[in-house]
Amino acid sequence: MDAGAHSQGRVLIVDDEQINRLILENLFVGIYDVDEAVDGQEALDKITAEPEGYVAVLLDVVMPRLDGIEVLRRLAPTGYLQRVPVFLITAERGDAVMEEAYRLGVMDFIGKPIVPYAVIRRVQSVVELFEARKRLSMTVEDQRLQLLERAARIIELNRGMIESLSAAIEFRDGESGDHVRRIHDITKMVLECTRLGDGLTAEDIDDIALASIMHDVGKIAIPDAILCKPGRLTAEEFEVMKSHTVRGAELLERIPQMRSMGAYRYAIDIARHHHERWDGRGYPDGLVGDQISIWAQVVSLADVYDALMSKRVYKDAFPREEALAMIRDGACGVFNPELLDCFFAVEPRINELHDRSVATR
Amino acid sequence: MNKDALVAAGMDVDGALARLMGSEALLERLLGTFAADGNMAKLEAAQADGDADAALEAAHALKGVCGNLSMTTLFDLSSRACDLFRSGDTAGAFALVPQMRDAYAAMMNAIKA
């Protein structure tokens, strides 16, 4: 049969009598293209060869080789009967065959002798229904993917804005934006690769790493004269400098949009407590040991490590061995021994990250 | 195609044409196919062999085709034969074969008329 210009797809007609096939075929001229099979086996072969090839199947029941019911029995487990409407052509209604066919998932019955307009209308309605359903589920899937993509873009944008803002604050005391990015990477690696991250999900760790970027936002409240002073700070100046922890936490608490972010509670905790020390001699609250959250502890150590390894307005970079010895010996305050163990275990990999970021600077 | 002869031989020609969306050309072609399909011969051969299964198969095929071509007389006879075969009354079903043969022969003559 010619592929009509307005054909709405291809229908498979399965009947062992040529006369019956020709009559059905004639009905669909100008509506569907038609393919034929002379028995159940040929029908199965054609469907298997082209599972997406037909918009509907019209299936006779009594046929040699493989009958219509057997075709249904073999198609049912493949899910084909849910995707493509299959009509059974039969003169016998209301018998056991009909019951089994419905149970297997046949769409409907076409009575013999056929009534042309009823057949056309029924097949067309069902095909349109199936096509509409297919389009709808494709549209829904499209929309779902678009939403996911949009959500991912918003998360990326958030991260970018947080990074830029934190980097802008770092610029004031002569840092590039690399410091915050390295703190992010070190924090993430320590939590992902050591037992310190036990009990945290991948999402928690992402949130904590994002929060670590904001550890020094309180510095925005510190005057240039103190923040950028090349020499030693006086006792008064140091007190002002120390206030960046509390000011940072306050600042973050005042951003209402932050509250809905997973990183929110981590960010406030880290900003306030990233200068606390294991022995209670840190600031601002003098917390001791486990009073300091594990994420604040990790960020404090990452901050110290990165400060030692980098050049600052008031100092040169220390050689790596010296920096590690200083951390171990408590030259920058006392850290949790377990934290130190875990940190030294992954430090070689952190150092590679550090090297790379220096090299690409 | 001789419509009057076909009607006289027990065919609802208008009904058949309606099923073919009015296409006389297709009806002519299908009548030619019917004349050549051999289902009546198969039925008689099955009777000669006493093979009830093969006979039902042929009667069923004849019924389907006659139904679609609105060959009313032959359709009624083959329907009754099918019902008898299915209910196990093989003798009763075979008893209808001579009548079917006559109706079939009349139809063949009408088609050739």
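Q: What makes two helices oblique to each other?
A: Angles under 35 degrees count as roughly parallel, over 145 as roughly antiparallel, and 65 to 115 as roughly perpendicular. The rest are oblique. This model is predicted.

Q: Why are α6(A) and α7(A) called oblique?
A: Their axes cross at roughly 125°. That value falls outside the ranges for roughly parallel, roughly perpendicular and roughly antiparallel, so the pair is oblique. The axes come within 8 Å. Helix α6 covers residues 116–172 of chain A, and helix α7 covers residues 178–193.

Q: Which residues make the contact of α6(A) with α7(A)?
A: From α6(A) come Arg159(A), Glu163(A), Ser166(A), Ala167(A) and Glu170(A). From α7(A) come His179(A), Val180(A), Arg181(A) and His184(A).

Q: How do these contact residues divide into nonpolar, polar and charged?
A: Two are nonpolar, three polar and four charged. Ala and Val count as nonpolar, while Glu and Arg count as charged.

Q: Why does Glu163(A) count as buried?
A: Its relative accessibility is 14%. Buried means under 20%, so Glu163(A) qualifies.

Q: What does Glu163(A) touch, leaving out residues up to four places away in sequence?
A: Glu163(A), which lies in helix α6 of chain A, touches Val180(A), Arg181(A) and Ile213(A). A touch here means heavy atoms within 4.5 Å. Glu163(A) and Val180(A) are 17 residues apart in sequence. Their C-alpha atoms are 7.4 Å apart.

Q: How much of chain A is buried, and what does the chain expose?
A: Buried residues make up 48% of its 361 residues. Chain A exposes about 18,100 Å², with 54% supplied by carbon and sulfur atoms. Its secondary structure comes to 15 helices and five strands.

Q: How do you know what kind of elements chain B has?
A: The count gives eight helices and zero strands. From the N terminus on, the elements run α-α-α-α-α-α-α-α. Of the 113 residues of chain B, 47% count as buried. The accessible surface of chain B comes to about 4,900 Å², 51% of it from carbon and sulfur atoms.

Q: What makes up the contact between chain A and chain B?
A: Chain A gives 17 residues and chain B gives 21 residues. The area buried between the chains is about 1,700 Å². Carbon and sulfur atoms give 65% of that area.

Q: Which residues of chain A lose the most area to chain B?
A: They are Ile19(A), Ile23(A) and Pro113(A). Together they account for 30% of what the chain A side buries.

Technical notes. Residues numbered from 1 in each chain as written. Chains lettered and ligands numbered in written order. Predicted model: local features only at pLDDT ≥ 70, side-chain atom pairs only at ≥ 80, totals over all residues. Heavy atoms only, no water. Axes fitted to C-alpha atoms, helices over the stretch in contact; angles between N-to-C directions. Helix = DSSP H or I, 4+ residues; strand = E, 2+ residues; numbered from the N terminus. Buried < 20%, exposed > 50% of the residue type's maximum accessible area, 1.4 Å probe, protein only. Areas by Shrake-Rupley, 256 points an atom, 1.4 Å probe, with all protein chains shown as cover. Buried area = accessible area lost by both parts, 1.4 Å probe.
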